[in-house]
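Biologist: Please take one part of this model and look at it closely, and then show how that part sits in its wider surroundings. I would rather have one connected account than a list.

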Amino acid sequence: MILEIEHLKVSRGGVPILHDVNLSLGEGEIYGLLGPNGAGKSTTIAAAIGLLDRAGGDVRVMGKDPRTEPKAIHAKLGVLPEQNGFYDWMTATDYLSFFAALYDLHPRERDLRVRLAALGLEASQRQPIGTFSRGMRQRLGLARALIADPKLLILDEPTNGLDPRGRREMHDILIDLSDNHGVGVLLCTHLLDDVERLCKRVGVIVEGRTVAEGSIADLARSYDRLARFRVHLSGTVPQVEVPPSINVISHNGDWCTVDLSPETDPQTAWRELLFMGWPITEIQHESGGIEDLYLSLTEAKAA
Amino acid sequence: MNAIVLIARKEGGDLLLSLRGLGWLLTMAVVLSVFGLLLVGNTELSLLDNAQVVYDMGGIVTALGALLAVVVGTDSVAGERERGTLVPLLLTPTSRTSILLGKLGGQAIAWAAMYVLALPYFWAVGSTGQNLIDGAISVALLGSPVVLGFGFLAMGIGARLSSARSSLLTSLIFLLLSASPLLLGPSLRQSSVGRAFDAVNPFSGALNAYDAVIIDSQTIVAQFPHFAFTLVWLGLTLSFAVYSLNRVFK
């Protein structure tokens, strides 16, 4: 595990903010940290990276305690905070070069250009950062977080301000980092689409406590929040057994109710059914999925 | 290049290359121009003897330097925290002490810029007499600890308070109280309260030394007690800044 948080407690000014937060993140894993506003997600991140003192519990980052070995942890840690500021008078290359030097790295300008190009900032490398759009700043922040080739990447709302193409590109970068470079990614976001696309496991924090942690599939099963669809058929269903990831709940006239297991991509499931000869003409999402799961977890605990 | 120098260079860039920093330097130049013009052009003020004019300019440069130091000091900690640039810096494998020392280097660059900016004004008001060199050296030696001390104080306050605005206001109140020897008349300064305040006030330490060197023609070496006093002030404010930055966000 490159990040382990057990029974984390944090107080500020004598007021308890976090009561009992738990999470664990392995190499090459993308973990989604979810929760309503003010639940304690950013405080959890701040305590995990050693910015905040903890009142109790244990935090291990790459096996080290951030209170006693912050330098060793920071050398292999990349963070994109939610409030991500820049020196507006610097150019993008100067900015990356400045941060690289603080990691005692001295990349050539060509290397910096390659890094910026990988994030779609090649054309803007000589522009002052003050002229950058919000999306460009977000990309530059990610370039900074990646400057020392971190083992653990902590991202607080990383797709904020990005257009759909930028979001997709950010997703692809994160998937590449986790799959091909073994980088562990802690993703703190409100965008459940991001979580659905990127994360295998999630932790949900409500009022400073972890209320659920595990794989999305297991949580959806245990909270009975499997994705449920209504499928309209123009004819009879062939008498062929459907794959185990597709559970036919009921059949009423032209409509059929189907549950999909959480690991199943709906598009793949429909394609499989069509190949099997199901005369599908319309599909409606009825309930379930990560949004339902999130709402049920956060509403139940907040109430 | 070591991290302290890197951060000091970045801080210098914040002052000398950003619009905000250049705006402050321009404001200082305008204020110095107004005072310089008054000292040489105003009918009554132009009758002051050369030593008094250089002394007055020394006080003004020190006060403006301290004001700039408070602004730069507040901005380098509280301002950076509000703009979100402090966290990425704290998350590099650079120790907080190195970050602080770099920022202190930035303070020194700001004061050096202000001092260089003030030299032509010193020359403009003092070139006709014998006191120009003494004045410039006194401000460099005795004014520097006072000015830098205010910068460190502002950094410490900026690390402890939650907003840049409240940090700046608090630091300015400290500065105004300390700069009161420039505002109080001579008779008020001679009162028991005025004398007690003078005894613990770093501004008074510097101004009394300027007075002794520029007006009373004493040697700079003889001002060691004043110098030691300003160094104590510098040491105290530095300790406060180090302690506060190590607690920032904690």
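Modeller: Two residues are taken to be in contact when their C-beta atoms, placed from the backbone, lie within 7 Å. The model is a predicted one, and every contact below is to be read with that in mind.

I begin with Tyr55(B), which lies in helix H3 of chain B. With neighbours within four places in sequence left aside, the contacts of Tyr55(B) are Tyr210(B), Asp211(B), Ile214(B) and Ile215(B). Tyr55(B) counts as buried because it has 23 C-beta neighbours inside 10 Å, where 20 or more are required. From Tyr55(B) to Val71(B) there are 16 residues in sequence, and the two C-alpha atoms are 24 Å apart in space.

The helix leads on to the nonpolar interior. The largest nonpolar core holds 156 residues, and those that touch the most other members are Tyr31(A), Val185(A), Leu187(A) and Ala69(B). Helix H3 of chain B, residues 50-83, gives the most to this core, with 18 residues. Domain 1 (3-219) and domain 2 (227-287) of chain A each contribute at least three residues to the core as well. Within chain A, Leu187(A) can be followed further: apart from residues up to four places away in sequence, it touches Ile30(A), Tyr31(A), Gly32(A), Leu33(A), Leu155(A), Pro158(A), Asp194(A), Leu198(A) and Cys199(A).

The direct meeting of the two chains involves 24 residues of chain A in contact with 21 residues of chain B. On the side of chain A that touches chain B, helix H2 (70-74), strand E5 (77-80) and helix H3 (92-102) of chain A each supply at least two residues, and the largest share, four residues, comes from H3(A). By character, the residues on this side of chain A are 16 nonpolar, four polar and four charged.

Chain A as a whole contains 10 helices and 13 strands, and its C-alpha trace spans about 65 × 50 × 30 Å along the principal axes. Of its 303 residues, 43% are buried, and among the contacts in chain A with a separation of 6 or more, 69% join residues 24 or more positions apart. The centres of domain 1 and domain 2 of chain A, taken over C-alpha atoms, are separated by 38 Å.

The account ends with a sheet of chain A. Four of its strands, in the order E11-E12-E10-E13, make an open sheet with antiparallel pairing. Strand E11 (246-252) and strand E13 (280-287) of chain A are the edge strands, each of which pairs on one side only, and neighbouring strands are turned against each other by 25° on average, direction ignored. E11(A) runs antiparallel to strand E12 (residues 255-260) of chain A and is joined to it by six bridges; Asn247(A) stands opposite Asp259(A) in E12(A). Helix H9 (residues 266-275) of chain A packs on this sheet, where it touches strand E10 (227-233), E11, E12 and E13 of chain A, and its direction makes about 145° with that of E13(A).

Technical notes. Residues numbered from 1 in each chain as written. Chains lettered and ligands numbered in written order. Predicted model: local features only at pLDDT ≥ 70, side-chain atom pairs only at ≥ 80, totals over all residues. Buried ≥ 20, exposed ≤ 12 C-beta atoms within 10 Å, placed from the backbone. Domains from an automatic or database assignment. Core = buried A, V, L, I, M, F, W, Y, C linked by C-beta atoms within 7 Å. Pairing = 2+ DSSP bridges. Axes fitted to C-alpha atoms, helices over the stretch in contact; angles between N-to-C directions. Nonpolar A, V, L, I, M, F, W, Y, C, P; charged D, E, K, R; others polar.
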